[in-house]
Amino acid sequence: MRFTSRVFCFLIVLSTLFGVHSKAVAQSTVEGTVHSADGKPVDGAMIQITNASKSSTYHTYSKHSGSFAIHGITGGTYSMSVSANGFTKFTKSDINLQANHALQFSVTLQIASVAQTVKVTARGSAATSVTEATISRDELRGVSGPFGSAAQSLTAAPGIYVYGYGGVAATARSEIVLRGLKGGWSSVNGDVLRNGISFLFDGVPMNNTISNNGQWQTTQIPIMDMIHGITVGYGPGAPSTRWFDSLGGTVNYIPVQPSSTPGFKLSAGFDAGSYNTYLEHFIFNTGQYHGWSGVGAFGYASNDTFRTGTTGIPKYNAPSHGYAGYLKIRKEFSNGDISMGFYHSRNAEQRPNFLPIDPVTPAFNNNYGDAVTTTGLFGPDSQPATAVPNGVQYYSQKTSGVYSALAKNVWNKLIKTQSDILYGKLNLTLSDHLLFHSKSWFRHGYRLHNRVVNYYGPNYAVRHEWYDPASNTIGNKSVMDILLPHNSMEVGGYWMHEGYHNPVALYNTSLGTSQANPAFFNADRLFTDYGFSYLQDQISLFKNRLVITPGIAGQFFRTYYFNTGVADFPNGNPGNDSQQAPSTHKSFLKPSPFVGMHYHVSPWLTLHGNYAVTYENPTDSAFGANRPTTGVNIAALHAVKSANTEGGFLVTKCPAAFFGNCSLDATYFHDKVDHVDVVTQTAQLALPASIALASSIYNGVSFNFDDSPIRYVEIHGNGIVQHNYFLSYVPSGSTENFGKYPISNSPKVTTNIGVTGRFDSSHGIFSILPEVWWQYVGSRYLFSNVNNAPTLQTEPGYGVVNFNTVASLHGIGHLFHGMPPRVAATPLHLSLGIENLLGNQYNPLAYITSGGYFGTSFGGYTLVDPGAPREFIVSITIGAK
């Protein structure tokens, strides 16, 4: 720690010296901002200034706010170019720069055509040297199809694996695995960090701050048509971009933005496809008028499950639906802008149940006698014990079908999610060297799990589950940018407060219990305060070829846990409260250092690397949620720690003209995660959760390449090879250590390879963009609920081919003559998506059960959620996509 402190002191002193030295030398400055055509800041754009004789060249990169500055330029005549992946290059010549003077530019970049753009980029951020990936709107549809989910869309980025029970459907929940660390829904135990990724909407955090499961749900964004693009930051990131759950990374879903150009625009469309899939959406953009502009979007989606092998009478297709609305208004003025946004989403889904791979027959487990069938549990563990009837159909992939599911009258689970976000942003240029940014937000989150199970027999104590947690969060983040001649500094931070209520009621009305008087219950309220303050510098040396980014942050976590079971269920028997852990509280204050560096070896080769330490607050179960009295040792509780190191290179120009326009990047990463409380919750919800103490290593290499060998074709590819394992894993109540065991549910290899084409008519009236992607997920190690530990048993890898094509008519006036010019120029798009083109059968999700899911007193058999079969989706959109 002393060595790290000395390094940071040296870097801060170095940056100060450069700042002081600059004042003694009278030189000129070129500064400004870079935005896309829709007004969104462009991060990482390369700005290059060259004098008329081409003897001197200066370059830098725009920050995440879009701002840039090049200092120390001698007077003269210059040309300027601004380039960024996914945009057409901007050039300006004959710039007359006087000595001791500053010129300001506002640069707008236009989206490039498919033959010009690399649509998915993964690189070391020019602002922070942190590995990032950017996924464009076109890429979202190419990978996940017209109906793709917020999770499936992320698979376009390297090192991301997604699994769930709903295929690509946006109305079904999924878990996201980013270089081994996880976020989103999970019904499978063994996740070291199931809340290790921060998810943002337009830069505003969507995560619950404290819940062990479900801190963020993919169904909070059921309408991807309103999403303009996604940025993915890998690892903890620099202090300027880090949030409270950013151990594994940060994902920002960027919605459509108000336009900086005049003119009202409207687009609308609908999708239809397999399994009664339907989606409709519309987006309007007011254009700018006297500095004011606004954008709004709304969409609705619905579909049935692909689990078409549903048994029972009546047959049940488990329908799901969701909707979302979004509105944002922005006012630009002479030295900045202010905006207000609101987002609301709600989703309701019927969740299909897990499925055994092999049948559980009376001969299983040394002839124990239990039978897991399509109509219920039979045998000694049925309540009451019931003999197995003749001619029964065993419930498994091998007997009832790969995609089979239980009938509604046997097993039914309704899950609802809701998210409401109200936020405001302010950006001010206070002077030539001082910028101020601030955003404030309020978020309300709600979930409902309503499960009715008639599977175990009429005398089973729990046939109903009612679980409806809710949270309210407020927060503010404010940052000051200080632009100095050789460095730019940021100082700022955020503060957040959340209240979270977490009640669970389990009952069987046939036995006299109810939601108000449950057979088992537990409830708690948690209040969290999170503070984060940081100082970050960016030092540019050797004409901006070498950029060093040191930073230091202070992280504060405070949690108050209150056991409110008896108070929330006044009609319940206190003896039925399965959560007896007493109320408690604890705080953590931790320093988090960071240093990043990137070196521009040449205009086409950049080296980058960084080292970051960050912390995360333990989840609710670690404080006592769903825990017995003897299960909590608050004095021994630690904040989760991540120490992440990574380094890589980016090539933006091919070594030979034969390869065309290409790019290649690769990054090595090593992440050590300590003090993790791994929570295991079985399907027998009346039983308290158990906790294992763990530390782990995540390391590997991720890569990304893009190539346009000929004018009309582009090739994309990305992947990851990793070795993730436990340094220590000791289950609760055990002394056995599973150190060196592989981390469960984390594939060793994932690969995505795609080919995109573009074919235009001779007069540019219409175009066709076909795209094919092959996605491969390697084998994963399974977790066992029998002994609450990882195993060496694997689930096979699988590959899926997805196809999508978009045909565009560039102006409906080509079909309908005599229309007003503005209307005639409206484009029309028709797309066809085929997911799992080859119809492969695979299981993305699997674990070894302890038996509780189907009510058997023994475990050891594997349960799975199958992946989706072939699906067809057709989409029509009128207006700009």
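Begin by selecting lysine 328 and aspartate 202, which are both buried in this predicted model, and whose side chains meet in a salt bridge with an N to O distance of 2.9 Å. Lysine 328 lies in strand E20 (residues 320-333), while aspartate 202 sits in the loop between strand E13 (197-201) and strand E14 (204-205), so the pair ties together parts that are 126 residues apart in sequence.

Next, select aspartate 865 and arginine 307, whose side chains meet in a salt bridge at 3.5 Å, N to O. Aspartate 865 belongs to strand E48 (residues 862-865) and arginine 307 to the loop between strand E19 (292-303) and E20, so this contact ties together parts that are 558 residues apart in sequence. Both aspartate 865 and arginine 307 are buried. Then add Lys425 to Asp202 and Lys328, since salt bridges that share partners join these three residues into one network.

The structure holds twelve salt bridges, and another one to display is that of glutamate 646 with arginine 179, where the closest N and O atoms are 2.9 Å apart. Because glutamate 646 lies in strand E36 (residues 640-651) and arginine 179 in the loop between strand E11 (174-178) and strand E12 (181-184), the pair ties together parts that are 467 residues apart in sequence. Glutamate 646 counts as buried at 4% relative accessibility, and arginine 179 is buried with a relative accessible area of 4%.

Now turn to the surface and select Phe270, Tyr278, Leu830, Leu832, Phe872, Val874 and Ile876, which make a nonpolar patch of about 550 Å². Strand E46 (828-835) and strand E49 (871-878) are the elements that give two or more residues to this patch, and E49 gives the most, with three. Tyrosine 278 is found in strand E18 (residues 277-285), and its relative accessible area of 32% makes this residue partly exposed.

Move on to the open sheet of four strands in the order E3-E2-E5-E6, in which the pairing is antiparallel. Strand E3 (57-61) and strand E6 (90-97) stand at the edges with a single partner strand each, so one side of each is left without a neighbour in the sheet. Within this sheet, six bridges join strand E2 (residues 46-51) to strand E5 (residues 76-83), and methionine 46 has serine 83 in E5 as its bridge partner.

Finish at the open sheet of three strands in the order E4-E1-E7, where the pairing is mixed. Strand E4 (67-73) and strand E7 (102-109) stand at its edges. Five bridges join strand E1 (residues 28-36) to E4, and these two run antiparallel; to see one bridge pair, select glutamate 31 and its partner in E4, alanine 69.

Terms used:
Residues are numbered from 1 along each chain as its sequence is written. This is a predicted model: local features need pLDDT of at least 70, side-chain atom pairs count only at pLDDT 80 or more; totals for chains, interfaces and linings use all residues. Side-chain values use heavy atoms; hydrogens and water are left out. Two strands pair if DSSP finds at least two bridges between them. Patches are made of residues with over 30% relative accessible area and no salt bridge: like charges are joined within 9 Å, nonpolar side chains (Val, Leu, Ile, Met, Phe, Trp, Tyr) within 5 Å. Accessible areas come from the Shrake-Rupley method with a 1.4 Å probe; for residues, only the protein chains shown count as cover. A salt bridge is a side-chain nitrogen of Lys or Arg within 4 Å of a carboxyl oxygen of Asp or Glu. Buried means under 20% relative accessible area, exposed over 50%, partly exposed in between (1.4 Å probe, protein chains only).
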